[in-house]
Amino acid sequence: MTEADSDWRPTASLAALQRRARMLAQVREFFASRGVLEVETPILSAGAVSDPQIESLATRIAGMPGPSYLSTSPEYAMKRLLAAGSGDIYQVCKVFRDAERGRWHNPEFTMIEWYRLGLDDAALMTEVESLAALLLAPDRPLRPAERLTYADALRRHAGVDAHRDTDSALARAASDHGIACGADLDRDARLDLLMGLVVGPRLGIERPCFIRDYPASQASLARLKPGLPAVAARFEFYIDGIELANGFHELADAGEQRTRFSRDLGVRGARGQFQPPMDERLLAALKSGIPDCAGVALGFDRLVAVALGAARLSEAMSFSIDNA
């Protein structure tokens with residue numbers, strides 16, 4: 001008997017797939033009721049993400065001069081639509097990330113991403129919470145979400161000061177929590193290690209939790225807030241220790257975004273990672289001007305898994321990478 005003879009069946013039950021379909025219909029009803037336009041953007045593009053924590057998958061198309069990259073997020077293309085005057089938009093799409101495979105990761109997954117004009121990160125958190133409450137009802141009524149700063153979360157659950165502790169203090173904290181890492185990590189990588197392995201699994205257990213005000217060095221595509229310490233208008237959303245969403249009050253400054261992309265590429269170079277090309281079309285769109293807005297990406301498969309009380313992501317999707 002071949003491997004295909006034994007693993008051809010879906011990884012999700014029929015009941016799970018039916019629940020998933022109902023949730024997807026609810027997503028579209030939610031945004032339609034708010035006048036948010038559903039859009040579609042390309043899965044393939046000439047540019048790729050520069051974030052050192054994310055790796056793109058590439059392919060080649062006959063007649064094209066270089067590789068094309070599978071979308072890790074529709075963010076860049078959706079911002080081009082915003083610059084062109086689309087107004088409020090959302091989409092449900094497949095995205096792809098290399099080196100992501102495990103209990104809560106699959107290299108191909110479904111993302112819901114949306115942008116709301118005139119909202120900041122705090123207002124968008126409220127909308128994320130409303131959508132989650134709708135999709136998890138009636139089986140999982142949600143208590144009002146907690147909103148913690150990044151610094152408060154690290155202090156409470158890892159015993160460190162995210163803004164002031166030295167690299168050696170962060171390394172000691174990781175060791176104290178049983179994390180052994182021999183790699184030469186920069187400061188943000190040390191913080192990511194604590195957030196991912198110590199803090200994150202403790203968030204959103206009794207009620208949903210938003211982590212907000214990330215260090216400026218982790219701003220990504222978010223604008224910075226005034227004051228000190230410098231923090232970004234960025235948030236993440238957790239339920240049951242699972243990160244479900246990542247959102248920003250969006251940066252609209254093309255020059256600053258180019259600087260951040262260059263900084264990311266410098267980090268990637270220092271780590272020996274692949275150097276992807278910048279998305280010049282996104283930068284041109286930002287230069288032309290995008291409206292003040294907030295945007296968020298939500299992992300739909302993970303939210304379905306939470307609704308099902310699933311033990312792993314594969315139980316919320318038809319087929320995982322292991323039997324695709």
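**Exercise 1. Arginine 34 and its partner**

Task: In this predicted model, decide whether arginine 34 is buried, partly exposed or exposed.

Solution.
- Step 1. Take the relative accessible area of arginine 34, which is 35%.
- Step 2. Recall the cut-offs: buried is under 20%, exposed is over 50%, and partly exposed is in between.
- Step 3. Arginine 34 is therefore partly exposed, at 35%.

Task: Find which residue pairs with arginine 34 in a salt bridge, and state what the pair ties together.

Solution.
- Step 1. Start from the principle: side chains of opposite charge can pair when their charged atoms come close.
- Step 2. The side chain of arginine 34 meets that of glutamate 127 in a salt bridge, at 2.8 Å from N to O.
- Step 3. Place both residues. Arginine 34 lies in the loop between helix H2 (14-33) and strand E1 (37-38), and glutamate 127 lies in helix H4 (residues 121-136), so the bridge ties together parts that are 93 residues apart in sequence.
- Step 4. Check the burial of the partner. Glutamate 127 has a relative accessible area of 4%, so this residue is buried.
- Step 5. Widen the view. Salt bridges with shared partners join Arg34, Asp88, Arg116 and Glu127 into one network.

**Exercise 2. Two further salt bridges**

Task: State how many salt bridges the structure holds. Then describe the one between arginine 268 and glutamate 55.

Solution.
- Step 1. The count is 25 salt bridges.
- Step 2. Arginine 268 and glutamate 55 meet through their side chains at 2.7 Å, N to O.
- Step 3. Arginine 268 sits in helix H8 (residues 254-270), while glutamate 55 sits in the loop between strand E2 (44-45) and strand E3 (58-59). The two are 213 residues apart, and the pair links distant parts of the chain.
- Step 4. Arginine 268 has a relative accessible area of 1%, so this residue is buried.

Task: Do the same for aspartate 322 and arginine 101.

Solution.
- Step 1. Their side chains form a salt bridge at 2.6 Å, N to O.
- Step 2. Aspartate 322 is in the segment after helix H10 (300-308), and arginine 101 is in the loop between strand E5 (89-96) and strand E6 (108-117). They are 221 residues apart.
- Step 3. Aspartate 322 is partly exposed at 46%, whereas arginine 101 is exposed at 61%.

**Exercise 3. The overall fold**

Task: Test the radius of gyration of the protein against that of a compact globule.

Solution.
- Step 1. A compact globule of 324 residues would have a radius of gyration near 20 Å.
- Step 2. The protein has 20 Å, so the value agrees.
- Step 3. Add the span. The C-alpha trace extends about 50 × 50 × 45 Å along its principal axes.
- Step 4. Add the elements. The protein has 10 helices and 11 strands.
- Step 5. Add burial. Of the 324 residues, 48% count as buried.
- Step 6. Add contacts. Among those with a separation of 6 or more, 68% come from residues 24 or more positions apart.

**Exercise 4. Helix H3**

Task: List the buried residues of helix H3 (residues 75-83) and find what they pack against.

Solution.
- Step 1. The buried residues are Glu75, Tyr76, Ala77, Met78, Lys79 and Leu82.
- Step 2. They pack against E5, E6, strand E10 (242-249), H8, helix H9 (280-288) and strand E11 (293-299).
- Step 3. Look past the helix. Glycine 85 follows H3 and has a positive phi, near 95 degrees.

**Exercise 5. Unusual backbone**

Task: Locate two cis peptide bonds, before proline 138 and before proline 229. Then inspect the phi of alanine 99 and serine 220.

Solution.
- Step 1. Know the background: most residues other than glycine have a negative phi, and most peptide bonds are trans.
- Step 2. Alanine 137 and proline 138 are joined by a cis bond, with omega about 0 degrees. Proline 138 is in the loop between H4 and strand E7 (146-149).
- Step 3. Leucine 228 to proline 229 is also cis, with omega near -5 degrees. Proline 229 is in the loop between strand E8 (209-215) and strand E9 (231-239).
- Step 4. Alanine 99 has a positive phi of about 60 degrees. This alanine lies in the loop between E5 and E6 and is exposed at 71%.
- Step 5. Serine 220 has a positive phi of about 60 degrees. This serine lies in the loop between E8 and E9 and is partly exposed at 27%.

How values were computed. Residues are numbered from 1 along each chain as its sequence is written. This is a predicted model: local features need pLDDT of at least 70, side-chain atom pairs count only at pLDDT 80 or more; totals for chains, interfaces and linings use all residues. Side-chain values use heavy atoms; hydrogens and water are left out. A salt bridge is a side-chain nitrogen of Lys or Arg within 4 Å of a carboxyl oxygen of Asp or Glu. Helices (H or I, at least four residues) and strands (E, at least two) are DSSP runs, numbered from the N terminus. Buried means under 20% relative accessible area, exposed over 50%, partly exposed in between (1.4 Å probe, protein chains only). The radius of gyration is taken over C-alpha atoms; the globule rule is 2.2 Å times the number of residues to the power 0.38. Contact means heavy atoms within 4.5 Å.
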